[in-house]
Amino acid sequence: MRPGIWLMKWENRSSGDRLVEWLLRPASRPWRLVSLAVVLGICVSTSLRENWGSDNAFVVKAAQTLLAGGSPYEDKRFLYLPSAVLMAVPEALLPQTALRWLLPVGMSGLLGLGWLAALRLFSVPLRSRLAVVGFAALALAYKPYVNLVLIGNWTAISAAALPVALLLAHRRAWGAAGLVVGLAIACKPMLVPIGLLFLLARQWRGLAAAVLVPLGLSLAGALAMPSPSLFFTKTLPFLLGGQDAYALPWDASPIAVLPRLGVPEPVAVLVAFAGAGAGLWGAWRRWRRSEEPDEGQLRLAETACMVMLAAFLVSRPSFDHYLLVVLPLLLASVMRPGSMPRSPWFWLALTPQVALLPWPSELAHKRRAFKDCATLCGLAILMAGRALRSRRVTLEPVTTAGSPPRTEPECAATPAESASRTAF
C-alpha cells in the first residue's frame with residue numbers, strides 16, 4: 001500500500017480507533033519489566049510498613065480463635081460468614097514473617113487475575129499495551145489499589161471472582177460461573193447481588209451453585225465453632241447498623257456521608273435507596289437491550305457492574321476499594337465503541353481517586369469518605385443514565401484482538417439448553 005493511501009485511511013479513522021489500535025499492539029520487553037517493577041515495588045513497600053494487613057488480621061484472628069476452641073464472633077469486628085473462618089485457617093497456620101511478604105503478593109495476584117479475566121472477556125491480548133501497562137498504571141495512579149494491598153482486605157477475592165465468573169458465563173459455562181461466585185461469597189458476601197444476574201439470564205443451575213456453595217460451607221463452619229448463633233445476635237445487628245464511629249471516616253455510602261453534610265438521616269436513607277432502585281432498574285433495562293456490535297460481552301459486564309454499584313450505594317459500610325470489583329471490567333471495555341471509558345465523564349468521576357493529585361490533609365484523612373462517595377455516586381449515575389437512555393446499534397463486523405470477524409450477535413447470556421478499616 002502506498003504511503004499516501006495509508007495516510008488517508010489513518011486520517012479518516014477517529015482518534016478513539018487509533019488509540020485502541022495502539023493499545024492492542026504488543027508491549028515491548030522494557031515496558032513489561034517496568035510494569036512488573038511497579039507491582040512488585042508496591043508489594044515490597046507494603047510489606048515494610050507497620051500497618052500492613054490490618055483488615056486481614058481480623059480474619060486470621062477469627063481462624064486462630066476457632067483453632068483455640070473459641071467463637072470467632074466474640075470479636076464484633078469479624079463480619080464475615082462462618083465459611084470465611086474455614087478459608088482463613090491456612091493463613092492462621094503461617095508465621096507472621098511469611099504472611100507479611102505473602103499477603104501483599106497475594107492481594108496483587110488476585111487483582112491481576114481479575115484484570116486478565118476482564119481483558120479476555122473482551123478478547124484483548126494479554127501481551128498488549130493495555131494489558132501490561134494498563135495494570136501498572138492502575139496500581140500506580142489509583143489510590144484504592146495501594147490501600148487494598150496494604151490492608152489485605154478480602155475484597156480482592158471478589159475483584160478476581162467477578163471477571164472470571166463473567167468470562168465463564170460468556171463461554172456458556174454458567175454452572176462454573178455460579179461456583180466461582182459461590183466460593184467468593186463464602187469468603188466475603190460481597191457478590192451476593194450478582195445473583196440478580198443469574199435471575200435475569202434464567203440460569204438456575206448457576207444460581208443454585210452461587211447459593212448452595214456458601215450455604216454449605218457456612219453450615220460446616222458453624223458446626224465447627226461454639227456459639228455460632230452470635231452471628232445473628234451480635235454480628236448481624238452491628239453490621240446492619242453501619243458499625244460504629246471507627247468505620248465512619250472511611251464509609252463512602254451516601255447513608256453515612258450525607259448526614260455528615262447536614263442532611264437528615266431518613267432523607268439520606270431515602271436518597272440512597274432511590275439511587276439503588278434506579279440502578280437496578282437500569283440494570284434490567286441494560287440486560288433487555290441485547291442488540292450489541294459484539295457477542296454480548298459489554299451487556300454482561302455493564303449489567304453486572306450496575307448491580308454492584310447499586311448495592312454499594314446502600315451498603316453499610318461502603319469503602320473506596322469496593323470499586324475495584326467493577327473498575328477492571330469497565331476499563332477493559334474500552335475496546336468496545338460506546339463503552340463507559342470512551343466518555344470523558346467516566347474519567348472525571350475517577351479524578352478524586354487519582355493518587356498523584358494533591359488534596360488538603362483534612363480532606364484526605366478525616367473527610368476522605370466524601371471524595372470516595374463522589375466517585376461511587378458519579379459512576380452509578382453515569383451507568384444508570386447510559387442504561388436508561390435507549391439507543392440504536394448498527395451491527396458491524398468485530399475485529400478485536402485475534403477474533404475472526406463476526407456480524408451475528410451471539411449473546412453469551414442466552415441460556416444453554418438443559419451463565420478498610422474493618423473486616424467487612
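**Figure 1. Trp-154 and its ring partner Tyr-80 in the predicted model****.** Trp-154 has a relative accessible area of 5% and is therefore buried. Tyr-80 is likewise classed as buried, because its relative accessible area is 1%. Among the 11 aromatic pairs of the structure, Tyr-80 and Trp-154 form a tilted one, with 6.1 Å between ring centres and 35 degrees between the planes. The pair joins distant parts of the chain, 74 residues apart: Tyr-80 lies in the loop between helix 4 (56–67) and helix 5 (82–92), and Trp-154 in the loop between helix 8 and helix 9 (155–170). Both residues belong to a cluster linked by ring pairs, together with Tyr-73, Phe-78, Phe-231 and Phe-232.

**Figure 2. The aromatic pair of Phe-346 and Trp-347****.** The two rings meet edge-to-face, at 5.1 Å centre to centre and 85 degrees between the planes. Phe-346 is buried, with a relative accessible area of 0%, whereas Trp-347, at 45% relative accessibility, counts as partly exposed.

**Figure 3. Arg-299 over the ring of Trp-287****.** The charged end of Arg-299 is placed over the Trp-287 ring, 3.8 Å from the ring centre.

**Figure 4. The largest nonpolar core, viewed around Leu-162****.** This core contains 106 residues, and Leu-162, Leu-191, Ile-194, Leu-309 and Phe-312 have the most contacts inside it. Helix 16 (residues 297–314) makes the greatest contribution, with 11 residues. Beyond its neighbours within four places in sequence, Leu-162 contacts Leu-191, Ile-194, Ala-304, Met-308, Val-325 and Leu-329. Another core, of 5 residues, lies apart from this one and includes Ala-252, Val-257, Ala-369 and Phe-370.

**Figure 5. Helix 3 and the elements that cover its buried residues****.** Helix 3 (residues 29–47) has 19 residues and should span 27 Å at 1.5 Å a residue; its end C-alpha atoms are 27 Å apart, so the two values agree. The buried residues of this helix are Ser-35, Val-38, Val-39, Ile-42, Cys-43, Thr-46 and Ser-47. Their cover includes helix 6 (96–121), helix 7 (129–141) and helix 8 (143–151).

**Figure 6. Ala-136 of helix 7 beside helix 3****.** Ala-136 is part of helix 7 and counts as buried because its relative accessibility is 9%, under the 20% cut-off. Apart from neighbours within four places in sequence, Ala-136 is in contact with Ser-35 and Val-38, two of the buried residues of helix 3. The C-alpha atoms of Ala-136 and Val-39 are 6.4 Å apart in space, although 97 residues separate them in sequence.

Note on methods: Residues numbered from 1 in each chain as written. Predicted model: local features only at pLDDT ≥ 70, side-chain atom pairs only at ≥ 80, totals over all residues. Heavy atoms only, no water. Core = buried A, V, L, I, M, F, W, Y, C linked by side-chain atoms within 4.5 Å. Buried < 20%, exposed > 50% of the residue type's maximum accessible area, 1.4 Å probe, protein only. Helix = DSSP H or I, 4+ residues; strand = E, 2+ residues; numbered from the N terminus. Contact = heavy atoms within 4.5 Å. Expected span 1.5 Å × (residues − 1). Phe/Tyr/Trp six-rings, centres within 6.5 Å; stacked < 30°, edge-to-face > 60°. Lys NZ or Arg CZ within 6 Å of the ring centre and 35° of its normal.
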